[in-house]
Amino acid sequence: MSDQAGPAGQAHPESDEAAAAAPAPDEKETEAAAQAEALAKMEDQWRRALADNDNLRKRAVRDSTQQRAQERAAVSLAWLPILDNLELALAHAPAGAEDPLVEGIASIRKQAIDTLARLGYPRIDAENVPFDPRVHEVVSVVETDDVPPGTLVSVLRPGYGGPDNTLRPAAVVVSRAVTPDRG
């Protein structure tokens, strides 16, 4: 007789329960596959959350940079009338007089122009250069043979900025070729 058989050849009930409680090898593989699939799904969600967080951080930096640039432009634009008035005051000052008040206004004007340049808006006031619609605004046209057509003859109001970030275009007079039919 075997060790597991009891009296009259009957099997022990405890060993049947132990055999029934132990999962079959197919059930173990199925459970392991399900756990691996759940783990892979959680890992994918984790990686997606990290990517979303990284994208959010990059967008916040980009938006912050753009907001600062807009605010810098708004404040700089608000100062332009003050700078224009300083230049108007200097234009009405007596020529050749060494007045400390005039020298003080000229110093403040220069400081304001330098500050705008440091903020990314250099002064646009060059004459005898080709017309550039990104930084110049034509307010008048003059027929002349002294300079090539499309050249700035004079700057009536200086502009500030550059081709990519014009705060205010320069108001200019542009040359045009002389034509005999215009009288």
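Colleague: How many bridges join strand E3 to E5, and in which sense do they run?
Modeller: Four bridges join E3 (residues 152-157) to E5, and the two strands run antiparallel. Two strands pair if DSSP finds at least two bridges between them. Four bridges satisfy that rule, so E3 and E5 count as paired. Within this pairing, Val155 has Val172 of E5 as its bridge partner.

Colleague: What kind of model is this, and how are residues numbered?
Modeller: It is a predicted model, with residues numbered from 1 along each chain as its sequence is written. Local features need pLDDT of at least 70 and side-chain atom pairs 80 or more, while totals for chains, interfaces and linings use all residues, and side-chain values use heavy atoms, without hydrogens or water.

Colleague: Which sense is found for E2 and E5?
Modeller: Parallel, over seven bridges. E2 covers residues 136-143. The rule for pairing is met here too, so E2 and E5 are called a pair. His136 stands opposite Ala170 in E5.

Colleague: What makes E5 mostly covered?
Modeller: Six of its seven residues, in the run 170-176, are buried. Buried means under 20% relative accessible area, exposed means over 50%, and partly exposed lies in between (1.4 Å probe, protein chains only). Over the whole chain of 183 residues, 17% count as buried.

Colleague: How do you know that Lys58 and Asp54 form a salt bridge?
Modeller: Their closest N and O atoms are 3.3 Å apart. A salt bridge needs a side-chain nitrogen of Lys or Arg within 4 Å of a carboxyl oxygen of Asp or Glu. The value 3.3 Å falls within that limit, so the pair qualifies. Both residues sit in helix H2, four residues apart, about one turn of the helix. Lys58 has 43% relative accessible area, so it is partly exposed. Asp54, at 28%, is partly exposed as well.

Colleague: How many salt bridges does this rule give?
Modeller: The count comes to twelve. Among them is the contact of Asp114 with Lys110, at 2.9 Å from N to O. These two lie in helix H3 (residues 100-118), four residues apart, about one turn of the helix. Asp114 is partly exposed, at 32%.

Colleague: What makes Arg123 and Glu87 a salt bridge?
Modeller: Their closest N and O atoms are 2.5 Å apart. Arg123 is in strand E1 and Glu87 in helix H2, so the pair ties together parts 36 residues apart in sequence. Arg123 and Glu87 also belong to a salt-bridge network with Arg109 and Asp125.

Colleague: Is Glu87 buried or exposed?
Modeller: Buried: its relative accessibility is 15%. Arg123, at 23%, counts as partly exposed.

Colleague: Why is E1 called a strand?
Modeller: E1 is the run 123-124. Helices (H or I, at least four residues) and strands (E, at least two) are DSSP runs, numbered from the N terminus. Residues 123-124 make up a run that meets the strand rule, so E1 gets the label. The chain comes to three helices and five strands. Along the sequence the pattern reads α-α-α-β-β-β-β-β.

Colleague: Which residues form the nonpolar patch on the surface?
Modeller: Val75, Trp79 and Ile82, with about 310 Å² of accessible area together. Patch members have over 30% relative accessible area and no salt bridge; nonpolar side chains are joined within 5 Å, like charges within 9 Å. Areas come from the Shrake-Rupley method. Trp79 has 51%, so it clears the patch threshold and counts as exposed. Trp79 lies in helix H2. Its C-alpha is 9.1 Å from that of Leu116, which is 37 residues away in sequence.

Colleague: What makes the patch of Asp26, Glu27, Glu29 and Glu31 negative?
Modeller: Asp and Glu count as negative, Lys and Arg as positive, and His and the chain ends are left out. The patch holds Asp26 and three Glu residues, so it is called negative. Charges are placed at CG of Asp and CD of Glu. Asp26 is found in helix H2, residues 25-91. At 57% relative accessibility, Asp26 counts as exposed.

Colleague: What is the phi of Asn128, and where does the residue lie?
Modeller: Phi is near 60°, a positive value in a residue other than glycine. Asn128 lies in the loop between E1 and E2. With 52% relative accessible area, Asn128 is exposed.

Note on methods: Areas by Shrake-Rupley, 256 points an atom, 1.4 Å probe, with all protein chains shown as cover.
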